[in-house]
Each structure stands twice: as structure tokens, then as C-alpha cells.
Amino acid sequence: MLIYTSRRLLWTPVLLIVAGLFIFSLGSVAPGDPAELMAGQRADPEAVERIRERLGLNDPFLVQYTRYIANALKGDFGESYRYRGRDVWELLGPKLRVSLELNLVSYVVTLAIGLPLGFWAAMRQGTWKDPTMTTIMLLIYALPVFFTAPFLILVFALWLDWIPVSGWSGMFSTRAILPAITIGLPGAFVFMRYMRASTLDVLGQEYVRTAHGKGMGHMTVNRRHIARNALLPIITILGFSLAGLFGGSLIVELIYGIPGVSRLALEAVFQRDYPVLTALTLLGAGMLAVANLVADIMYSVIDPRIRLRS
Amino acid sequence: MNRAGSSEAARTVSSVLTEMEAPDSFFRHAWNELRKRKLASFAVCVLLVLYTLGIFAPLVATHDYSETNLAKTEAAPDSENWLGTDRLGRDIFSRVVWGIQTTIILTVITILTASVFLGLALGMAAGYLRGAVDIITMRTGEVVAVVPDFLLVLIIAATVRPRIKEFGYWIEDNTPISGVISSGAVDYIVLGLAFLPLSWFGAMRLIRGQTLAIRDAPYVDAARSMGVGTPTILIRHILPNVITPLIVSVSFGMGAVALGEVIASFFGIGVQPPRPSLGVMIGDVTARTGSAAVETLRSHPEQLLSPIVVVWLMIFCWNILGDALNDILNPRAR
């Protein structure tokens, strides 16, 4: 257990340093001299050189990268090119918090719908209900958020006038409901499919037959023997499934007017504000790596076979 | 009498022969199984229609995709403009058809290079050779997989695109080749590069697993002991066995890359106007804000729904097809 956990713990920083190098080098292939960008168009060469010296742009690439990582660990991601004199973290921090909250509620929606549906469908394998539900959920999964977002606003906010929309006032307010459903519902299909497959695996096990044979009640077998074991393998994909989450939430933030990272990130692309983009991508990678690590360790705690095998 | 009898016998023999020859080839079997499934057959038909429309866009489109008609803006569908016109009086049907073509070009480029070429080559190499090759490819994949998909697309669009564009201008200036920029080649290369890391690793891991499973099979051992070289073993003995999971993964990948292109173009970092793309169309009519999107959905739903329905059908059908192929080609997976 200790060996497995410590190996995973040691590997994650290495992974992040290499991933960071990849991201950092992408950030520096961009054309244009950062110093000139910051100094403005009519700056004299001397001022540009001063900025360049201050930013350490004359140093070798790896030295720059090492310094960047060392500063990043202290929460310093450099200075924005576009908003002069403003710290990247100062710009990004509050918005990132909103985006994370949004993704978190959406994830709860995804799991709360996907897992029970997958279980439900597996228990009805062979009847018309299983394929019908799978197809319905696939139809919802395939529906682009460009449609669901305005459609839900139209129906629930304008026609029925049930829920207020636009803006953000924390993940527990009613404003979070529609965006969370917009992002979370499509993803439910993915978890439904995993949960269905994993439940079917468990259904074929002998201990399930034994439990039934002992005369245990259906509810008890379902809950204790089937659902609990079927949930185990799901834990491993919890981490990885976060990778795709940002794509949907960027669009949804724009359409619902949520003050997340979306607008800042797009601005950064068009205004060539590379420090913002590099920091955002690096932070995203960090979160994903930590999520994967937590999922791996959780799984090895729950299922001893994993850590014994390696 | 005699002649008639012998010809009948010949006919029986030949019919028996054809029946014996028929014990389904691999693809015929898959095709027959596929046709038995109603939903999958439906998906194949829809995809055929969409892809035919896209590939023959120059013939199918009723108007020029960039031709504006300011006398007829935001018109409802009629006999001249089958899906109506947009804010600038451009024909929506023609733009959708050209948009499909854009999506097709991009998905085919990406899937061919990433899943099929890189995934296959690296997966077989890692699974068969093991050792350092295996470790390096798997670790590289892990590094790429830890970067959130869309953030990678954003950063590549921001930093690599200007470089490639510069290169495009350089080619136009220094060689007789012209029209590099206006052909949209830059967009395809940038998006292709951005989606590359997302799509090669999945396919590679799949093929590596499959290769690992059969590399020590008795027939592969036998071939090796007879002195067959590694390239021949890989191509003759390993490749046919890893091709089926690849087909399934390509089918799922087509939908995913199509959606990626639409999202990137929606944000304005994918395919650039005037080249039409479904994502650009959606971005135009919604102006990337909620109020405009709701307003369009209310007053001119056809402007928003035309590109969206196409995207929806593409993703849905590729997934249905992928599922069906998975059932048919990998009975062991069930």
C-alpha cells in the first residue's frame, strides 16, 4: 500500500514538470517579443531591453522554465501582457474559482443522473426499456450545448419563469441550476454506459447468485452486493473524465453570462496574452493530475487487488 | 433431355459452390450484422447522406456560400432558399453544405494521421517491441493526457497559428505556389495539430493492448521461430488482429473530432471566415451571448437549428455506429 501510494505520489510531480515544459514551450513559440508587446509600439529600444532584462528573457530556455515553475509554486505566474502591471494570478484566480464551482456542480448532476440510470438499465437488460433509455440518453449526449443552453433559458426562464438566469452567485444558488444541467446532463450518458457495463459484470458473479439463493431480499442484494461492487471500477474513470469538462463549460459560461475563465481565455487568445493562457493550461493540468492521483489512491484503498498486482 | 439434365446438374453444382464460397468474408459478415440492426442502419444512411452532401458541396449548393443578398435578409425558408437566409442574406442551405465539407476534411485529416497512422504504428511498436519504446510512448501519452483537451486547443490556436500563418505567407512570397492562406490550409493544419494529441493516445493504447495480447500467441511464435522478420510479423500477423478495435475507435473518434472543430470555430479560433463552417455559423447567429442566442431561437429558429441539427446527427450517428461495430467486431468485449 505504502509503496504503491508513494510511487504514485512521486510520479505526479514528474508528470507535471514534463507537462509544464510542454505547455511552457508552446507558450514561447509564439511570434512577437514579449518585451516589445509590453513596452508598447513607440517605446525606445532601451526601454524594451530593460523590460527584457527584468523578465529574464535573455536567459536560456530551461533557466526561464525553471524560474517560471519556481515562481508558479509560490502563486506567481508572471505579469499579463495585456493588462499591464497586473498579476496573472490576480486576473485568473477569482474567475477560475467560478469555473471550478460550475464544473463541480455539473459533475454532481452528471453522476446523480448517470449512475442510477446505468444501474436501472442494466437491471432491465433484455427488455425494451434498456435500449430505449440508452438511445434517449445518447440523443441528449449528442445534442450540442449551443442548442440546449438557449433552449433551457427560453423554456425555464422566459416561458415558465421558474428560475432566474445569467450571472453567478455561488454554486448553491438557483442561478446555478440551468448551467449545471446544460453541462452535466450530456455527460450522464457516459457514466450511464460505464455503470451499465459494470453492473452487468457484477450480475454474472456467483456471489450474487449465492445471495439470492440464501433467500436475501432483492433490495438488499441490489444495494449491498450489486450496486456497491459495480461502483468500484467507476472510481478509476472519475479522474480522467474531468479532462473533457472544460470544453463544454467555456461555451456555457459565455451563453449564461457566467464570470468564469471563458471570456478572459478567449481575450487572451486574440490579444496574444500568452502568460494568462500558459498559467490557465498549467493550472488545468495540475488539477487533472491531482484528480487522477486521488482517484488512483482511492481505488487502491477500496480494492486491494490493484496495489497487490503492481 | 440429356442436355437439360446436365445443365440442371451444373446449375446445382454451381449454386452449391457459390454457397460454399460465401461463408462470409470478414467484412461481408460485419455488413450483414450491421444491416440487421435498425438503428445502426439508420445511422449509416444518415451519415451517407450527410457525407455525400458535404463531398459534393460544389454541386449540391444552390448559391455561393459568401454571396450576400441585402434585399432578402433573415428570410424564412422558401423555394429559392431552402433553409432561409441569414443576417446578410446568405443562403443557409449552401452554407450548411459547405460547412459539412469543412468538417469532413478536418475529421478525415485528423483521424487518418492521429488514430490510424500514429496510433497504429506506435501501438504496434510499443506492444510488440516492449521495453524502452513502450515506456517512452506510454509516458509521453500520459503527459499529453494530463493537459485538459480544450485548453490545449486554445493555447495551440493562440501561439502556433501565427507561426504557421507566417510560414504560409512565406511560401506565397517565395515560391510560385499561391492561395495558401485563402484556401484555409492554415486552419486545417492548426486544428489538426491541436486535435492530434487528443486522438492518438486513445487509439495507441487500444492497439498496444491488443498487440500485447497476441504477441506471444502460438502462431506468432511459430512465425518467429521460422525466421520471419519483425516487419513481416507485424504486418502479416499482428495488423489483421488489431484492425477491428481500430475501426471501432475511428467510428467514435469521428464524432468527437467533428464536435471539437465546431466548438473551436464557434469561438473563432478554428476555421476562419469567409470559409464556412458549422461552428462559425453558430457563432455568428448567437454572437456568443445568451440574449442573442435566445432571440434567434425565438424569432429565426432555422438559422440556429440548421447547423445544430447537422452536428447533432453527426455525433449521434457516429456513436450509434461505433456501438454497433463494437458489438459485432469484438464479441469478447461483451
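I take two residues to be in contact if their C-beta atoms, placed from the backbone, lie within 7 Å. The model is predicted, so I accept local features at pLDDT of at least 70 and side-chain atom pairs at pLDDT 80 or more, while totals for chains, interfaces and linings use all residues. Residues are numbered from 1 along each chain as its sequence is written, and chains are lettered from A in the order in which they are written.

**Chain A.** I counted 15 helices and zero strands in chain A, helices being DSSP runs (H or I, at least four residues) and strands likewise (E, at least two), numbered from the N terminus. Buried residues, those with 20 or more other C-beta atoms within 10 Å of their own (exposed: 12 or fewer; partly exposed: in between), make up 35% of the 310 residues in chain A.

**Helix H6(A).** I looked up which residues of H6(A) are buried, and found A:Met137, A:Leu138 and A:Ala142. Seen down the helix axis, the buried residues of H6(A) fall within an arc of 135° (taken from the directions from the axis to the C-beta atoms), so they line one face of the helix. On the other side, A:Thr132 and A:Ile136 are exposed. The buried residues pack against helices H5 (88-123) and H8 (177-203) of chain A, together with helix H13 (301-329) of chain B.

**Core.** I then turned to the largest nonpolar core (buried Ala, Val, Leu, Ile, Met, Phe, Trp, Tyr and Cys residues joined through C-beta atoms within 7 Å), where A:Leu277, B:Leu154 and B:Ala157 touch the most other members among 152 residues. Helix H5 (residues 92-129) of chain B gives the most to this core, with 16 residues.
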